[in-house]
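Student: I've got the structure open and want to test the labels people put on it. Can we go through them one by one?

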Amino acid sequence: MATVKEIKKSIKVHQYVSDSISYVLSPENRNGDEKCFKASYLNCMNDGAESLSKQFYETRRAFNKDNNILAHHYVQSFSPNEKITPELAHQIGVELAEKIAPGFQVIVSTHIDKDHIHNHIIINAVSMETGLKWKGNGDTLNKSVRPESDKLCKKYGLTTIKKRSGLRGIDQSTRELAAKGKSWKVDLCKALDEAVKLCNSKDEFISFMKNKGFEITRYTDRHITFQKIGEKKKIRADTLAEQFGDYYKKENLEKLMGFYSIPKPIETTPKPKQQQIPFKNEFEKYEDSYFKKNPPPTTPIEAKTLQLLIKNSTTPFFFLLLTIMKLLLRRKNKQRLDRKYRLLHSKAKMQKQYKTKKPNLQETLERYETVPAIAGNIPYKNLIKAQGENYRVRIALSAVPKLYAYPFFFSASLYKSYALVTIKAKDRQLLQRALEIEDISVLEKHNEHYTAKAEYLALKKRAERLGVKTEFLVIQPERLSKLKEEKDRFVAIPTKEGKIRLAFLPQNKDFILHTLYPERYESNSDLFSVGRNSTVNTRLKSEALLGGQQMRYRTLTKEQVEQLAESTKGQELFAVFSKNAKGENLNGQYNIAFKEEDTALIESILQKPKTTKRKI
């Protein structure tokens, strides 16, 4: 499981940029322990923190945007209960940076000095390709960064957060202060515990809390705000309840003291509904900006004429290449992206320049049966790595000029008799208009076939790198819906018989079988349920903190966990976590978490001889 958050303190000073980079790249922490396991650099050179800070500055200055926020700092943390190596954590961090910030200068550093592995990701505020600023707001974090992080966790067999529990969790500073007996939040909870036993009215409650060193700064029908005398910070009862439990909500406190009354409804005039602006990721914003500066080089009407000329040509393939070169020469405002990459690979011009012999037409055409020419308005690698789902279709060669008449990115592989076109799925309606197809299901069938084929080749290469063999499973189409949220774990290939052939890596085999055929793996207990144990673990941590205790952890076998569950049936003294994703237990080991005060009880149970166990 991985969580992603942005460092709240904004980086608005040049020295702070350098200091932040120095911190994430420092090999050791203050105690002399190893901290930085590995660091990677996207679109920048590693010559030290000062040099990297200067590279960031030169990019911002080039676009005259060296002001306000200069960089953004994200932290991607993995659960201590997750089975993950520093190498895999770093790979996930790099892939996350490539997905969310294409074209930006990014530093990814993996730290191992805490009880959990975590990645520091520092992003320069300005893109070196588009000049646009990074939008570091809540929408970007919740709708782009975190979803991409979850996708990568699924891709590599890690758990993801499905639903947040009622408790928000206790922050690190509160936990550290509580261990030293200096947390004012814990003292506030203890004072409230006494108040509900001794107070019978609102005035008594306010007076009692003041004697305990807490002033009630605001008391309304809906909220109570506390402030420890001598402290600057304040906290509402409901906020306290999010960290320590619903017991501390205003409503529950008043009910226990016996003077609760239902708050009056708030009379509000209904506001007119505002039209929601659809969220756009960084790639979509770049696409809009690109085509504002670089309108399509042809019109739909002219593209139809070019299509007829290519159809009637004796050599349609070469006539298409000449047509594309002519369209590209029309573009006046060429971006750096266009100068850096050659979008059309044609050897005819090179052969003419060096006065080589004329190529044999038949030999050239035969070569393009297997090695295609490349056309389009963006490099293929840049397109498929950008945010969003890829979409592939096969079209006639004569239809390629039509794509240049519409404002969307595409990359086309030109073979002897057809073209294989890749776009982003969000642009499929524009593609439908360009090709003048009435029924979009035609394109959907093409995409289903060619996308699966491309994804399978990528899966096969990944299996070769890992030194394993790709495995297959043939299923009925209706069973595929059970895996709809786990698309990163497999590739679905339709067969001629109307069935679905799944291709996947060996490490995902158990999960896929458990999901497709749950009736074969029925469980009589929810002992190893991820959601249930997360809730129990949160409750145990809150109770331990209030009691001034620490949490303890042990690694047990499945038989030992079952024995412990049978002996403590109904008490929920511990939480169980598998070392792999979603309950997959590859090595038969489990982690348990429990309070310090229950250590002796748990040790004594484990030392007893085994009894009849409760089956899982």
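Tutor: Sure. One term before we start: contact means heavy atoms within 4.5 Å. And keep in mind that this is a predicted model.

Student: Then what covers the buried residues of α9?

Tutor: The cover includes α6 (184-198), α7 (202-211), β6 (214-219), β7 (224-228) and α8 (237-244).

Student: Which residues of α9 are buried, and what does that word take?

Tutor: Buried means under 20% relative accessible area, and in helix α9 (residues 250-257) that label goes to K250, L253, E254 and M257. Viewed down the axis of α9, the buried residues fall within an arc of 95°, so they line one face of the helix. Just after α9, G258 has a positive phi of about 90°.

Student: Why is the K143 and D139 pair called a salt bridge?

Tutor: The cut-off is a Lys or Arg side-chain nitrogen within 4 Å of an Asp or Glu carboxyl oxygen. For K143 and D139 the closest N and O atoms are 3.9 Å apart, so the pair meets that cut-off. Both residues lie in helix α4 (residues 138-155), four residues apart, about one turn of the helix.

Student: Why is K143 called partly exposed?

Tutor: Partly exposed lies between buried, under 20%, and exposed, over 50%. K143 has a relative accessible area of 48%, so partly exposed is the label. D139, at 40%, is partly exposed too.

Student: What makes E436 and K304 a salt bridge that links distant parts of the chain?

Tutor: Their closest N and O atoms are 2.9 Å apart, which is within 4 Å, so the pair counts. As for distance along the chain, E436 sits in the loop between α18 and α19 and K304 in helix α11, 132 residues apart.

Student: Now the sheet with β13, β15 and β14. Why do β13 and β14 count as edges?

Tutor: The sheet is open, with the order β13-β15-β14 and antiparallel pairing. β13 (471-475) and β14 (491-494) each have a single partner strand, so one side of each has no neighbour in the sheet. Neighbouring strands here are turned by 25° against each other on average, direction ignored.

Student: How do you know that β13 and β15 really pair?

Tutor: Pairing needs at least two bridges. Five bridges join β13 to β15 (residues 500-504), so the two strands pair. In β15, R501 is the bridge partner of V474.

How values were computed: Residues are numbered from 1 along each chain as its sequence is written. This is a predicted model: local features need pLDDT of at least 70, side-chain atom pairs count only at pLDDT 80 or more; totals for chains, interfaces and linings use all residues. Side-chain values use heavy atoms; hydrogens and water are left out. Axes are lines fitted to C-alpha atoms, for helices over the stretch in contact, and angles run from 0 to 180 degrees between N-to-C directions. Buried means under 20% relative accessible area, exposed over 50%, partly exposed in between (1.4 Å probe, protein chains only). The arc is that of the directions from the helix axis to the C-beta atoms.
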